[in-house]
Every structure is written in structure tokens, then in C-alpha cells.
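Work through the exercises below with the sequence and the 3D structure open beside you. Try each task before reading its solution.

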Amino acid sequence: IPLNSTNVIVVSEGYHRVYNWTDFYVFADDKSNEPWAYSGERKLCSALMHAVDEDPRMACLLTNHGEVSYDYELLTILDDAGYTVVYMDLYKDPIPATCDLIISYNPNTDLIVESDGLSAISEVEILDKFLAEDGHSFFVFLENGTPKLPNFESYIQEWGIETKYDTNSTTGVSYRYMVQDTSASLTSDGYTIYSHAADAENTRFVDPANEYVIFGNATALSVTGEGFTAKQDGTYVGTKNGRTRTLYPLYRSSENTSHWANGQQIAQGSCILMSLTEQTNETGGASYVGVMSSVHFATRTYLQSAVYDNGDVLLSLFEEIGGRTAPVGLTIKPFASYDISTVTTAQMLRWTTVLVLIPTVTTLAVAAVVLIKRRRA
């Protein structure tokens with residue numbers, strides 16, 4: 001690797017990482033040369049954590065279900081959380097021994113199962129075997145535009161969560177719910193909504209201080225109708241193969257939420273936007289399945305923000321489920337704006353004249369009116 005004087009190199013026994021200076025700053029996009037914020041604290045902290053980690057972990061991003069990434073910011077968050085990121089075909093590739101986390105981000109084709117008659121290999125069985133081991137997790141990011149994926153959706157139902165559809169009684173076509181909430185939205189159309197942590201029990205996984213967690217173009221999630229019982233603490237409990245599964249609805253929309261399908265409003269009321277299900281394994285440890293209702297949740301716009309808490313939410317989740325410290329709270333530092341220094345001398349004189357004259361003229365006009373009224377009186 002060619003090195004220069006602006007590189008930062010972190011070295012430990014059996015580990016080294018070379019960073020470019022650009023890795024410590026935030027840019028508007030991949031083509032921009034002008035940074036707008038500093039992110040060196042989180043990046044350097046993450047590098048040191050990697051260097052001293054005696055048990056390195058890996059995150060595998062699936063590639064064989066038409067997964068589509070809008071940008072690469074999720075990879076940065078995973079790196080900051082201490083993961084080495086690799087791409088994997090779940091159908092063809094063996095899961096690496098050091099893999100703790102598997103992510104299907106924006107899938108567009110379904111899981112392969114043996115019952116489809118297409119193959120003797122079942123990706124569901126592969127996932128079940130992976131999640132039978134403590135500390136392992138599987139996350140899937142869906143959205144309003146995700147096509148219907150029966151095997152994916154059947155699988156997450158076994159973990160207590162399902163996606164909502166409206167089926168046309170004439171054609172039999174099912175349309176995924178689209179979530180709209182104009183009372184808690186960043187946009188006038190109501191489709192980019194923010195949410196708070198749903199229940200007190202969820203504070204184990206997410207910080208209730210995270211006030212603005214953004215879900216764009218979200219679809220509605222709900223607790224599956226069978227097998228899971230509501231508890232007083234806001235969780236839902238079910239069993240699978242003798243193992244207890246506890247569903248945590250981490251984030252919900254407000255009661256003002258409207259649900260649309262095929263251009264019509266179908267229902268109204270709160271829905272789950274993010275869930276995490278914890279499975280208690282035979283060893284007494286746990287594994288996890290997380291479902292996100294929004295692909296945009298993990299895009300550059302919200303993960304890089306110094307205002308929205310999406311990045312810290314993911315770091316907190318990865319810290320809790322992975323049992324490792326993550327650099328939570330080390331937010332980016334936006335640069336101050338010095339635009340006023342670019343004002344020319346002529347512009348300054350012009351604005352100074354305007355700001356001096358307007359109050360003076362206004363005062364004289366008001367005084368003249370008062371004086372005229374007094375004389376007439």
C-alpha cells in the first residue's frame with residue numbers, strides 16, 4: 001500500500017490498519033473533496049478497539065438476494081462497531097468461523113428453502129444453525145418498496161414479527177403497507193417520520209435519550225398473530241424448538257400514523273418500526289434477530305447526521321448484542337460556517353446603510369403621524 005505523510009497507521013501485534021486523512025472527516029458524498037464535519041474521535045477510537053481486540057469479529061453482508069445499497073455508510077458504522085466487513089453468498093459460501101453478524105440489507109429476492117423444490121440446501125436451516133450459537137445475530141432491512149418475500153417473511157414471523165399487507169379482494173394481489181405520519185415527520189408528505197424508544201424495557205438495547213430516530217419510506221411491522229404472548233413490560237414471548245424467544249418492539253410510530261396500500265388509506269394507528277428478538281439458547285446465552293422497517297434508516301443522510309440518532313442506535317445495538325464496547329456518543333463535529341466572511345466591502349456598506357436607515361425612517365414616519373394627529377386633536 002503506498003503511504004504518504006497524511007496517513008494514520010494503527011499497529012498492534014498481529015494487526016495493522018492504514019487510514020487516509022479523508023477517513024477522519026465527513027463528506028457530502030463520494031465525489032466531494034470538501035469535508036463538512038470531523039469524525040476523527042470515533043474513527044480513532046474504533047481503530048484502537050480493533051487493535052487491542054483479542055477476539056476479532058466479522059459482519060457478513062449478504063449478496064445473493066438482490067440486496068441493493070444506496071451508499072456505503074452502513075459499512076462505516078459496522079467498522080466503527082468493531083466488525084471486519086465481508087460480503088457473502090449465503091447459499092454458496094460457508095459462514096466464516098469468526099462471523100457474529102449477518103445482514104440482509106434491502107433484499108429483493110427470497111431466501112431459498114428446501115420445500116420450494118429448487119434445491120436441497122435451505123438458507124433457513126443455515127440461519128437457524130448460525131443463530132443457535134451465542135452472540136450471533138441476523139438483521140434484515142426492509143422498506144415500503146420491498147417486494148413480497150414469502151420465505152423471508154415466514155422466517156421473521158417465527159421470531160415474532162410480520163410485515164403488513166392489504167390484499168385486493170378482486171385480483172388477489174397483496175400490497176405492502178406504507179407508513180405516513182404528518183404529525184411526526186421531517187417532510188411535508190409525512191413519509192419520513194421520527195420515533196422514540198417504545199417501552200421502558202427497551203432501554204437495555206436503545207437509549208431513550210435518542211430523541212430523533214428517522215425512518216424514511218417505512219413499511220409497517222406488527223407482532224405476529226400466533227405464538228407470541230404480550231407481557232406487562234411491553235415485550236412479547238414465544239417458543240421455537242424449546243427455546244424462548246422474547247420480542248422487543250424497539251421503536252413505534254405514533255397513534256396518528258396512516259397506513260396506505262395501493263393508493264388507499266387502509267388503517268390508522270401505531271405500528272412497529274424496529275424490532276429485536278432475543279433467543280435464549282441451550283447454553284444459557286442468547287442470539288438475536290433484528291427487523292428494520294426502513295432501508296433509508298441506514299443511509300448516509302441519517303447515519304452521518306450530527307442531529308439524528310440513527311448511528312448511535314445501531315452502535316448501541318451492536319454493542320449490546322455483541323458484548324463488546326462500541327464508540328457510542330462520539331458524534332461527528334460539524335464545522336462552523338464562515339460564509340459571512342465572504343461578504344464584499346461594497347455589500348457590507350450597502351447592508352449597513354439599509355440597517356441604519358430603515359429604523360430611522362420608520363421612527364420619523366411614526367413620529368410624523370403622531371404629531372399630525374395631535375395637532376388635529
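The exercises go from the whole chain to one helix pair, then to the core and to single loop residues. The model is predicted.

**Exercise 1. The whole chain**

Find how many helices and strands the protein has, and what percentage of its residues count as buried.

Solution. Step 1: the protein has seven helices and 23 strands. Step 2: the chain holds 377 residues, and 44% of them count as buried. Step 3: turn to contacts between residues at least 6 apart in sequence; 66% of these join residues at least 24 apart.

**Exercise 2. Helix α2 and its surroundings**

Decide whether α2 is largely enclosed by the rest of the structure or not, and list its buried residues.

Solution. Step 1: a residue is buried if its relative accessible area is under 20%. Step 2: the residues of α2 that meet this limit are Glu 73, Leu 74, Ile 77, Leu 78, Asp 79 and Asp 80. Step 3: that makes six of the eight residues of α2, so the helix is largely enclosed by the rest of the structure. Step 4: look at what comes after the helix; α2 is followed by Gly 82, which has a positive phi near 100°.

**Exercise 3. The pair α2 and α6**

Describe how α2 and α6 are oriented to each other, and name the residues through which they meet.

Solution. Step 1: locate α2 at residues 73–80 and α6 at residues 310–322; their axes come within 10 Å and cross at roughly 45°. Step 2: angles under 35 degrees count as roughly parallel, and 65 to 115 as roughly perpendicular. Step 3: the two helices are therefore oblique to each other. Step 4: the crossing of α2 past α6 is right-handed. Step 5: on the α2 side the residues in contact are Leu 74, Ile 77, Leu 78 and Asp 80, and on the α6 side they are Gly 311, Leu 314, Leu 315 and Phe 318. Step 6: sorted by class, this contact has six nonpolar residues, one polar and one charged.

**Exercise 4. The nonpolar cores**

Which residues touch the most other members of the largest nonpolar core, and which element gives the most to this core?

Solution. Step 1: the largest nonpolar core has 42 residues, and Phe 139 and Phe 318 touch the most other members. Step 2: α6 gives the most to this core, with six residues. Step 3: list the contacts of Phe 139, leaving aside neighbours within four places in sequence; among them are Leu 101, Ile 103, Leu 276, Met 292, Leu 317, Phe 318 and Ile 321. Step 4: there is also a second, separate core of 30 residues, including Ile 102, Val 140, Leu 149 and Val 289. Step 5: place this in a wider setting. In soluble globular proteins, nonpolar side chains tend to be buried together.

**Exercise 5. Ala 298 and Tyr 72**

Find where Ala 298 and Tyr 72 lie, and state for each whether the residue is buried or exposed.

Solution. Step 1: Ala 298 is in the loop between β22 and α5, while Tyr 72 is in the loop between β5 and α2. Step 2: Ala 298 has 1% relative accessibility and counts as buried. Step 3: Tyr 72 has a relative accessible area of 52% and is exposed. Step 4: the two residues are 226 apart along the chain, yet their C-alpha atoms are separated by 9.2 Å. Step 5: Ala 298 also has its C-alpha 8.6 Å from that of Phe 141, a residue 157 places away along the chain. Step 6: not counting residues up to four places away in sequence, Ala 298 touches Asp 71, Leu 74, Tyr 105, Phe 141, Leu 303 and Leu 314.

**Exercise 6. Two asparagines with positive phi**

For Asn 106 and Asn 241, give phi and decide whether the residue is buried or exposed.

Solution. Step 1: phi is near 65° in Asn 106 and near 55° in Asn 241. Step 2: Asn 106 lies in the loop between β7 and α3, and Asn 241 in the loop between β17 and β18. Step 3: at 4% relative accessibility, Asn 106 is buried. Step 4: at 66% relative accessibility, Asn 241 is exposed.

Methods. Residues numbered from 1 in each chain as written. Predicted model: local features only at pLDDT ≥ 70, side-chain atom pairs only at ≥ 80, totals over all residues. Heavy atoms only, no water. Axes fitted to C-alpha atoms, helices over the stretch in contact; angles between N-to-C directions. Helix = DSSP H or I, 4+ residues; strand = E, 2+ residues; numbered from the N terminus. Parallel < 35°, antiparallel > 145°, perpendicular 65-115°, else oblique. Left-handed = near helix turned anticlockwise from the far one by under 90°. Contact = heavy atoms within 4.5 Å. Nonpolar A, V, L, I, M, F, W, Y, C, P; charged D, E, K, R; others polar. Core = buried A, V, L, I, M, F, W, Y, C linked by side-chain atoms within 4.5 Å. Buried < 20%, exposed > 50% of the residue type's maximum accessible area, 1.4 Å probe, protein only.
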